[in-house]
Amino acid sequence: MNHINLRRLFLPLVTIFFLLSINGEAMSADPSPVIATVQKVSGMATVVRQGRTISAEIGLEIWENDTLHTGPDGSIGVVFNDDTLLSLGPKSALVIDEFVFAPSQGKFSLVIRMLKGTSAYLSGLISKFAPESVHFETPTASIGIRGTKFVVKVEGE
Amino acid sequence: MKPQNHLFVAYILLFLLAGCSANRNLIVPPPANRDLIVPPPTNRDLIVLLPDPDGKVGALRVTTKGGSQILDKPGYAAQVGDPSKPPIAPKPIDENEITGVFGAALSAQPDPTGRFISFILWFENDKTKLTDESKELLPEIVRSIQNRKPNEIYVVGHTDRVGTELYNITLSARRAYYVRDFLVSSGIKASALVVSFHGKAKPLVYTEDGVAEPLNRRVEVIVR
């Protein structure tokens with residue numbers, strides 16, 4: 001009766017087990033440039049990236065240094081990777097200068113430069129972890145999330 | 001009554017004029033209250049603070065070349081006229097005004113439900129032991145995580161400002177790992193938990209160095 005020669009199988013089996021045991025981090029690909037996604041669009045809205053104009057649609061990926069533009073009837077809403085929500089009304093333009101969200105390395109940064117128009121901003125995890133690293137710039141002013149003086153103390157503690 | 005975390009969340013509306021374009025036609029409801037803000041003339045930028053979807057209100061510092069203003073009341077707005085002067089002191093802004101100017105931007109905001117939620121667990125002085133009230137919060141946190149099936153759960157440890165930096169780094173780490181270990185033992189996947197700790201560097205309530213403050217002795221659990 002033939003039996004399976006286990007010694008022949010040994011090296012292939014070891015190789016398979018070794019490959020299976022490499023965890024995802026050891027084989028990580030290049031970090032993705034995507035920092036946000038478009039979730040709402042209406043009318044004319046575009047994203048300008050390295051000189052190219054991209055028509056904004058739901059699901060469009062946003063990268064660092066992108067400029068968001070809206071036309072006279074346009075609006076756009078995006079969600080960042082840290083759950084920050086940002087939206088623009090009509091005739092607006094805004095640049096995302098910096099976005100870093102790496103909690104396990106303690107690295108956080110969000111710099112937004114608004115050029116014109118109207119926008120609504122709802123802060124996410126970057127401002128929860130590191131409020132001092134969030135900067136919202138306009139041509140005339142700089143807006144920062146202020147620190148720690150607003151907690152209501154529990155009575156009787 | 002639980003203390004509220006008013007920090008670090010801000011809901012900001014911004015209205016800027018295009019560089020050279022002159023006229024903005026704003027629909028102006030007559031102010032019912034003489035303290036209400038008048039609509040900005042064409043050369044002013046407008047920054048409005050709103051409560052976030054949970055009703056919490058953050059705080060902003062608006063800084064021009066001329067100085068700063070703090071915005072910390074919901075429904076209040078700061079205006080920037082001459083950028084070489086500080087922003088105009090915050091005043092309440094009429095809701096119709098907010099809708100008129102910011103309606104489109106607000107409608108375009110993505111749905112905030114389904115974003116992260118966070119919890120705070122408090123500790124006894126100089127210990128890795130939860131307060132009685134916080135112990136009762138633990139099952140709720142576990143239930144939340146089980147219901148939401150989050151991608152990440154951040155566990156962040158802190159201390160108050162009593163003691164040296166090094167001592168508190170260690171204490172905040174022990175507190176964070178204590179909470180993490182509890183979550184793992186409750187069946188939460190260890191790989192979803194990201195632990196960090198800051199010693200006394202990020203107090204919830206500002207105090208001078210060396211001041212004991214129960215509200216700073218904490219671990220924050222952020223579920224996403």
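## Where the model is unsure

Let's start with a shaky patch: in this predicted model, residues 18-31 of chain B have a pLDDT under 50 throughout. The model still gives that stretch 15 contacts beyond four places in sequence. Where pLDDT is low, the predicted coordinates should not be read in detail.

Zoom out to chain B as a whole and its mean pLDDT is 85, with 83% of its residues at 70 or more. Among its helices and strands, confidence bottoms out at a mean of 78 in strand β1 (residues 11-16) of chain B and peaks at 97 in helix α3 (residues 165-185) of chain B. Residues 1-8 of chain B are another spot to treat with care, since their pLDDT is below 50, though the model shows 26 contacts for them beyond near neighbours in sequence. As for the complex, the predictor's scores are an ipTM of 0.78 and a pTM of 0.78.

## How chain B is put together

Chain B has 10 strands and three helices. Walk along its sequence and you meet them in the order β-β-β-β-β-β-α-β-α-β-α-β-β.

Of the 224 residues in chain B, 38% count as buried. Now look at its contacts with a separation of 6 or more: 63% of these link residues 24 or more positions apart.

## The largest nonpolar core

The largest nonpolar core contains 80 residues. Those with the most contacts inside it are A:I76 from chain A, plus B:I12, B:L13, B:I47, B:V155 and B:V221 from chain B. Which strand gives the most to this core? That's strand β9 (residues 107-122) of chain A, with seven residues. In chain B, domain 1 (11-107) and domain 2 (117-223) both supply residues, so the core lies between them.

To see the packing up close, pick B:V155. Leaving out residues up to four places away in sequence, B:V155 touches B:A176, B:V179, B:R180, B:L193, B:V195, B:V219 and B:V221.

## Two unusual backbone angles

Most residues other than glycine have a negative phi. A:K91 isn't a glycine, yet its phi is positive, at about 50°. You'll find A:K91 in the loop between β7 (85-88) and β8 (93-102) of chain A. A:K91 has 18 other C-beta atoms within 10 Å, so it counts as partly exposed.

B:D126 is also a non-glycine residue with a positive phi, near 60°. Look for B:D126 in the loop between β7 (117-122) and α2 (132-148) of chain B. Is B:D126 buried, exposed or partly exposed? With 15 C-beta neighbours inside 10 Å, B:D126 is partly exposed.

Key. Residues are numbered from 1 along each chain as its sequence is written. Chains are lettered from A and ligands numbered from 1 in the order in which they are written. This is a predicted model: local features need pLDDT of at least 70, side-chain atom pairs count only at pLDDT 80 or more; totals for chains, interfaces and linings use all residues. A nonpolar core is a set of buried Ala, Val, Leu, Ile, Met, Phe, Trp, Tyr and Cys residues joined through C-beta atoms within 7 Å. A residue is buried if 20 or more other C-beta atoms lie within 10 Å of its own, exposed if 12 or fewer, and partly exposed in between; C-beta atoms are placed from the backbone. Helices (H or I, at least four residues) and strands (E, at least two) are DSSP runs, numbered from the N terminus. Domain bounds come from an automatic or database domain assignment. Two residues are in contact if their C-beta atoms, placed from the backbone, lie within 7 Å. pLDDT is the predictor's confidence in each residue, from 0 to 100.
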